[in-house]
Amino acid sequence: MKNYQLSGDYHLSNELQQVITNYLGITFNSDGCQLILKQTSGKLLVTQTQEETMICFEKIPHLLRGLTYLAKSNNESLSIKEDIFFDSIGPMFDVSRNAVLKPAKVKELMTTSAFIGLDNCMLYMEDTYTIPDYPYFGYLRGQYTQAELKDLDAFANVLGVELIPSIQVLGHLRNPLKWNFANGMKDTEDILLVGADKTYEFLESAIKSVMSCFTTKKLHIGMDEAHTLGLGNYLKKNGFQNRFEIMNEHLTRVKAITDELGLDLQMWSDMFFRIGSKTGDYYDKEAVIPEEIIANIPDVSLVYWDYYNHKTEDYQQLIKTHRTLQKPIIFAGGIWTWNGIAPNYSKSIDTTNKGLAVCKEQGIKTVYATLWQDDGAETPIDTILLGLQLFAEHQFNQTVSQNALAEQFSLMQNQNSEDFLLLDLFDNTPGVAEYNAEASAASKLILYQDLFSGMYDLNLNEWPLKAHYEQLVKTFDNVTSQASIFEFYKILANICYQKVDLGIKIRTAYQTKDHSLMTEAVHTIEELHQLISQLATTHQDIWYSQNKFFGWEVLDIRYGGLLQRLTTNKNQLSLWLNDTSHPIDELEIDLLPFDGPYPMKKGAIIGRNLYQFIVSPGKLSDV
């Protein structure tokens with residue numbers, strides 16, 4: 001344990017000293033070696049000689065990164081100089097897709113982020129914060145109390161991390177708008193009714209409630225992906241109106257509320273480009289936004305989000321088109337925790353390296369690393385750690401090689417990058433494009449698809465995935481990182497290995513009346529039942545250790561449905577083994593390749609989908 005006596009022009013609070021001691025094992029008292037702290041700008045300098053030890057830093061997280069270098073160094077001399085490329089950079093945690101991180105887990109992740117040098121953190125909360133005047137808002141969703149948010153904000157301040165709330169003031173509100181309090185303020189199922197007084201009464205309560213919990217004056221108001229804006233109740237009430245003007249009208253009304261509170265607004269930029277595109281594509285380089293619309297956009301920072309493009313020139317062109325809107329630009333990249341059951345690190349690393357390189361070139365000064373949790377938050381949050389390190393290294397380096405990333409990840413987080421990159425192999429399989437650019441999600445398709453209907457069987461079994469997952473199972477024997485999440489993924493790899501070709505085997509055995517092959521298939525179903533039970537238990541343990549209990553019921557239902565369906569599969573096949581005249585209707589059908597809803601480009605034909613469209617060709621719940 002290293003012990004330092006602090007001197008210089010910066011005072012460390014007692015609270016921060018305790019955090020440092022807990023995280024790094026460094027202590028501070030009067031009989032320690034002298035450590036000089038100097039607050040400067042633009043660089044992080046760490047020097048250690050026999051005569052003195054000094055850290056020059058701009059923000060507390062930069063200091064914490066410097067202290068990490070000191071704590072991990074076994075050398076008597078140390079000289080580190082790192083540039084600082086962004087004014088602000090850090091993660092955005094999605095706590096709106098069933099998984100609401102426990103406050104203790106948010107603190108843990110903020111601490112990890114701060115000690116690698118990340119200085120902001122955003123909480124994306126669609127309906128997971130409290131509005132006292134609207135008790136059904138976030139009802140039974142595990143929403144944070146005001147006391148919890150205030151405590152998180154106070155802890156962030158100790159770390160020198162700016163904790164920023166991100167809410168929605170237009171779309172992405174399907175969950176709260178299903179309650180009757182929303183009658184009279186809905187345009188469509190997930191979009192607020194622009195122009196209705198009731199809408200702005202609600203938003204005033206929402207904004208005042210959430211901002212009462214935070215020190216920052218920054219507020220991210222969302223407003224993305226409102227695809228049907230003005231086409232529901234608004235259309236019935238007002239007739240068809242210019243959708244650009246609807247956006248500006250709403251933003252002006254929202255800004256009137258936030259101006260009273262002195263807030264600095266940020267919003268996702270995509271709707272301006274989608275409305276201006278003939279195809280509704282955010283990244284359409286031919287999108288046209290009229291000058292009079294641009295002139296009437298209220299003062300707000302526009303967040304250009306892009307974790308899709310793999311060409312440097314695309315980022316350059318899209319930043320150029322953003323500049324035509326004449327507003328400050330913030331960039332949001334992504335660590336792909338929303339690919340399916342496992343993270344898509346190939347896509348994350350390539351898009352981050354290219355996107356952030358262009359941000360440095362173009363002078364973009366604020367960056368977020370989004371951590372979306374689409375379709376039920378199936379991917380455990382700790383899978384992000386290598387991605388966080390990548391964003392941190394881009395803060396302090398012009399370029400980041402894979403070797404440098406691995407070294408820093410080992411040094412600063414005591415983790416093995418090769419272990420985390422194994423997780424990429426669940427979906428970066430034979431049959432997908434380079435970098436898994438189309439976000440194929442083979443492991444999710446294999447896990448959830450039915451053994452009898454096998455909608456993805458032809459897509460999956462065109463490629464040698466059986467051998468791929470067999471090898472992946474073996475590689476987990478060498479993993480040294482985080483026992484809980486890697487145990488989960490070792491089980492998942494075995495399930496993928498056992499299940500990827502099982503539907504084809506069953507169909508072949510049925511159609512050729514092969515008793516031996518069918519008996520083998522039934523035995524595999526029994527093994528799968530045990531493995532999926534283990535997967536569910538392991539996943540639940542991870543969930544309960546990191547998230548509030550709310551939301552797990554959705555994955556309980558998914559796992560429960562899988563297990564019951566395996567039981568039904570086994571029973572039907574056992575009847576057939578006793579009497580081959582027993583019909584199994586699904587196995588009488590000739591399969592077709594899955595075709596929709598996401599067109600896959602050549603070389604990426606395995607596919608991806610949401611749970612409800614993988615598990616059955618029928619309707620799970622609809623009119």
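# A tour of the predicted model

Select Leu123 and Pro165: Leu123 stands opposite Pro165, which belongs to strand β9. Both are part of a predicted model, and the stops below follow it from one selection to the next.

**Strands β8 and β9**

Widen the selection to residues 120-124, which make up strand β8, and include β9 as well; the two strands pair in the parallel sense over five bridges. Now keep only strand β9, residues 162-166. Why is β9 described as largely enclosed by the rest of the structure? Four of the five residues of β9 are buried, so the rest of the structure largely encloses this strand. A residue counts as buried when its relative accessible area is under 20%.

Go on to His172, in the loop between β9 and helix α5 (174-177). His172 is not a glycine, yet its phi is positive, at about 55 degrees.

**Strands β12, β13 and β14**

Select residues 218-220, strand β12, together with β13. These strands pair in the parallel sense over three bridges. To see a facing pair, pick His220 and Gln266: His220 stands opposite Gln266, a residue of β13.

Next, show strand β13 by itself, residues 264-268. Four of its five residues are buried, so β13 is largely enclosed by the rest of the structure. Add strand β14, which runs parallel to β13 and is joined to it by three bridges. Here Trp268 has Val303 of β14 opposite it.

**An aromatic pair**

Stay with β14 and turn to the rings. How many aromatic pairs does a search of the whole structure find? The search finds 37 aromatic pairs. One of them is formed by Tyr304 and Phe331, with 5.3 Å from centre to centre and 70 degrees between the planes, an edge-to-face arrangement. Colour the two strands involved: Tyr304 is in strand β14 (residues 301-305) and Phe331 is in strand β15 (residues 329-334). The two residues are 27 residues apart, and the pair links distant parts of the chain.

Are these two residues buried or exposed? Tyr304 is buried, because its relative accessible area is 1%. Phe331 also counts as buried, because its relative accessibility is 2%.

**A cluster of rings, and two charges over rings**

For a group of rings, select Phe273, Tyr282, Tyr283, Trp305, Tyr307, Tyr308, Trp336 and Trp338. Ring pairs link these residues into a cluster.

Then look at two places where a side chain lies over a ring. Arg253 is over the face of Tyr200, 4.0 Å from the ring centre. Lys466 is over the face of Tyr497, 4.3 Å from the ring centre.

**An open sheet**

Select strands β1 to β6. In which order do the six strands lie in the open sheet? The order is β2-β1-β3-β5-β4-β6, and the pairing is mixed. At the edges are β2 (27-28) and β6 (78-83); each has a single partner strand, so one side of each is left without a neighbour in the sheet.

Take the β2 edge. Strand β1 (residues 3-8) is joined to β2 by two bridges, and the two run parallel. Pick Asn3 and Thr27 to see one facing pair: Asn3 stands opposite Thr27 of β2.

**The largest cavity**

Two cavities of 30 Å³ or more turn up in a search of the whole structure. The largest cavity holds about 90 Å³ of space. To find it, select Ala99, Gln373, Thr379, Ile381 and Asn547, which lie nearest its centre among the 13 lining residues. The lining of the largest cavity divides into seven nonpolar residues, five polar and one charged. Which element gives the largest share of that lining? Helix α21 (residues 515-546) does, with four residues.

**Helix α21 and the loop before it**

Keep α21 on screen and pick Thr537, which is found in this helix. Thr537 is partly exposed, because its relative accessible area is 44%. Add Tyr136: from C-alpha to C-alpha the two are 31 Å apart in space, and in sequence they are 401 residues apart.

Now select Lys513, in the loop between α20 (502-512) and α21. Lys513 has a positive phi, near 55 degrees, although this residue is other than glycine.

**A cis peptide bond**

The last stop is Gly596 and Pro597. A cis peptide bond joins them, with omega about -5 degrees. Pro597 is placed in the loop between α22 (552-578) and α23 (611-615).

Definitions and conventions: Residues are numbered from 1 along each chain as its sequence is written. This is a predicted model: local features need pLDDT of at least 70, side-chain atom pairs count only at pLDDT 80 or more; totals for chains, interfaces and linings use all residues. Side-chain values use heavy atoms; hydrogens and water are left out. Rings of Phe, Tyr and Trp (its six-membered ring) pair if their centres lie within 6.5 Å; planes under 30 degrees apart count as stacked, over 60 as edge-to-face and the rest as tilted. Buried means under 20% relative accessible area, exposed over 50%, partly exposed in between (1.4 Å probe, protein chains only). A charge sits over a ring if NZ of Lys or CZ of Arg is within 6 Å of the ring centre and within 35 degrees of the ring normal. Two strands pair if DSSP finds at least two bridges between them. On a 1 Å grid over the protein atoms alone, a cavity is a set of points where a 1.4 Å probe fits but cannot get out, and a pocket is an open set with protein on both sides within 12 Å along at least five of seven lines; lining residues have an atom within 4 Å of a point. Grid points are joined across faces, edges and corners, and a volume is the space filled by probe spheres set on the points. Ala, Val, Leu, Ile, Met, Phe, Trp, Tyr, Cys and Pro count as nonpolar, Asp, Glu, Lys and Arg as charged, and the others, Gly among them, as polar.
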